[in-house]
Amino acid sequence: MGSPFQQQREKVENNFLNGKRVAVTGACGTVGTELVRQLLEGRQRPAEVVALDNNESALFFLEQRFLAHDNVHFFLADIRDRDKLCRKFKNIDIVFHVAAYKHVILCERSPFEAVQTNINGVQNVIYAACENKVEKVIFTSSDKAVNPTSVMGTSKLMGERLMTAANSNVQGGGPIFASTRFGNVLGSRGSVIPIFHEQIKKGGPVTLTDPEMTRFIMSIQEAVRLVIDSAMIARGGEVFVTKMPVIRIEDLAEVMIEELAPRYGHDPTAIEIVMIGAKPGEKMYEELMSVEETRRAVELPRYFAVLPAFRGIYRRIRYDYPDVVSETVENPYVSSNEPPLNREELGRFLKANKLLGSLESGQEHPDRRFWPGER
């Protein structure tokens, strides 16, 4: 049953968004789509969900998927359009800002576009939220924002800093701004699982960057649930770092070969793994919290909360989280420092999160990633 405090906390969690009006930018992306689904079909009962995206076709099909729900509305909108955001955030209580450019190489090739969307777009969201006195704005960030080595990572770091600065400068009853940062969402579009799946389906070879490469992982369902939960506990200006299991990429390839090869009539031992080397800007490990950030972080059951280096100018903020595990954090949160799942544990994780299912019909995924200069 749990203690009375735990029961009360669970009740608050279950009811946090009840009766709220919620806006989701980037509603057609992997995270955005699952976020809309959980808001409509999960434990929360928002009064209205406003789903925004600039992808016309994807938005049309997303609307068809949720026709049975009368509390959701879908609109074409681009986060580069400040005036449109101001209109769509009217009477909104909570904003989940998910829209972004996320592909590292495309952002390297078109850095101005990355700035326009990932930096200026964040500023537009902040402006529209302040104009409409939204209650909370949650920005979804990335592990690549920590010690960034790419345009995409740098732009996401700037997005985090803009959110923290907005929270520091807001006056009166303005919004609470916070960010949530997590690593690889397995099974999302462009991620390694559908690439490995296609390679195994064709009988190999499976291309591996480096056998020692490690990554934080989580399912899309878990990622979105924690984004929603972070909105509940945010006090203002924090970056919530989600606790995640770690895997070795080589183990992922071998587990997938073992599980999937027989399905397509192949002998697992006959599928070759080819090492192709890490690509420019690609890290051997993932960082979710830097050494500098540990000095101002606290540990919670599901997160580390990195508190802002510069606190609110116009309001005093109490970071009084429930269930604090530790007021101090000694070590940076880096995948190479954490024990990885063994192959049995990894296999259970993939099966439990339905990541070994059939590829969607009519939506073939490429069986490799091309990089500049390779073709």
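A residue counts as exposed when its relative accessible area is over 50%, and that cut-off comes in handy in a few of the close-ups below. Everything shown here comes from a predicted model.

**View 1. N91, an exposed loop residue with a positive phi.** N91 sits in the loop that runs between α4 (82–88) and β4 (94–97). Its relative accessible area is 56%, so N91 is exposed. Now look at the backbone: phi of N91 is near 65 degrees, a positive value, and N91 is not a glycine. Why is that worth a close-up? Most residues other than glycine have a negative phi.

**View 2. K133, another exposed residue with a positive phi.** Here we're in the loop between α6 and β5 (136–142). K133 isn't a glycine, yet its phi is positive, at about 50 degrees. Is K133 buried or exposed? With a relative accessibility of 57%, K133 counts as exposed.

**View 3. N124, a buried residue in helix α6.** Helix α6 covers residues 111–131, and N124 is part of it. The relative accessibility of N124 is 7%, so N124 counts as buried; the cut-off for that is under 20%. Which residues does N124 touch, if we skip those up to four places away in sequence? They are I79, R80, D81, R82 and L85. Zoom in on R80: its backbone oxygen is 3.3 Å from a polar atom of the N124 side chain.

**View 4. Helices α6 and α7, packed roughly parallel.** Stay with α6, but bring in helix α7, which spans residues 151–169. Two packed helices are described by the angle between their axes and the distance between the axes. For this pair, the angle is about 15 degrees and the axes are 9 Å apart. Angles under 35 degrees count as roughly parallel, and α6 and α7 are therefore roughly parallel to each other. Their crossing is right-handed. On the α6 side, the contact is made by P111, A114, N118, I119, V122, Q123 and I126, while α7 brings V151, M152, S155, K156, M158, G159, L162, M163 and A166. Sort the residues of this contact by type and you get eleven nonpolar, four polar and one charged.

**View 5. Helices α2 and α9, packed roughly perpendicular.** Helix α2 (residues 30–41) meets helix α9 (residues 220–233) at an angle of about 65 degrees, and their axes are 9 Å apart. Angles of 65 to 115 degrees count as roughly perpendicular, so α2 is roughly perpendicular to α9. The crossing is right-handed. From α2, look for T30, V31, E34, L35, Q38 and L39; from α9, look for I220, Q221, V224, R225 and I228. The residues in this contact split into six nonpolar, three polar and two charged.

**View 6. Helices α10 and α12, a right-handed crossing.** The axes of α10 and helix α12 (residues 343–352) come within 10 Å and cross at roughly 65 degrees. That makes α10 roughly perpendicular to α12. Which residues of α10 meet α12? They are D251, L252, E254, V255, M256 and E259, and they meet R343, L346, G347, L350 and K351 in α12. Counted by type, the contact has five nonpolar residues, one polar and five charged.

**View 7. P262, partly exposed in a loop.** P262 lies in the loop between α10 (249–260) and β12 (273–275). Its relative accessible area is 48%, so P262 is partly exposed. Leaving out residues up to four places away in sequence, P262 touches I257 and P268. For a sense of scale, pick out R109: P262 and R109 are 153 residues apart in sequence, and their C-alpha atoms are 40 Å apart in space.

**View 8. R296 and the contacts of its side chain.** You'll find R296 in the loop between α11 (291–294) and β14 (297–299). The R296 side chain makes a polar contact with the side chain of E292, at 3.0 Å. The side chain of R296 also reaches the backbone oxygen of L307, at 2.6 Å. Not counting neighbours within four places in sequence, R296 is in contact with A305, V306, L307, P308 and A309.

**View 9. A cis peptide bond between G204 and P205.** P205 lies in the loop between α8 (192–201) and β8 (206–208). Follow the backbone from G204 to P205: the peptide bond is cis, with omega near 0 degrees. Most peptide bonds are trans.

Key:
Residues numbered from 1 in each chain as written. Predicted model: local features only at pLDDT ≥ 70, side-chain atom pairs only at ≥ 80, totals over all residues. Heavy atoms only, no water. Helix = DSSP H or I, 4+ residues; strand = E, 2+ residues; numbered from the N terminus. Buried < 20%, exposed > 50% of the residue type's maximum accessible area, 1.4 Å probe, protein only. Polar contact = N/O pair within 3.5 Å; in protein donor to acceptor, adjacent residues only side chain to side chain. Contact = heavy atoms within 4.5 Å. Axes fitted to C-alpha atoms, helices over the stretch in contact; angles between N-to-C directions. Parallel < 35°, antiparallel > 145°, perpendicular 65-115°, else oblique. Left-handed = near helix turned anticlockwise from the far one by under 90°. Nonpolar A, V, L, I, M, F, W, Y, C, P; charged D, E, K, R; others polar.
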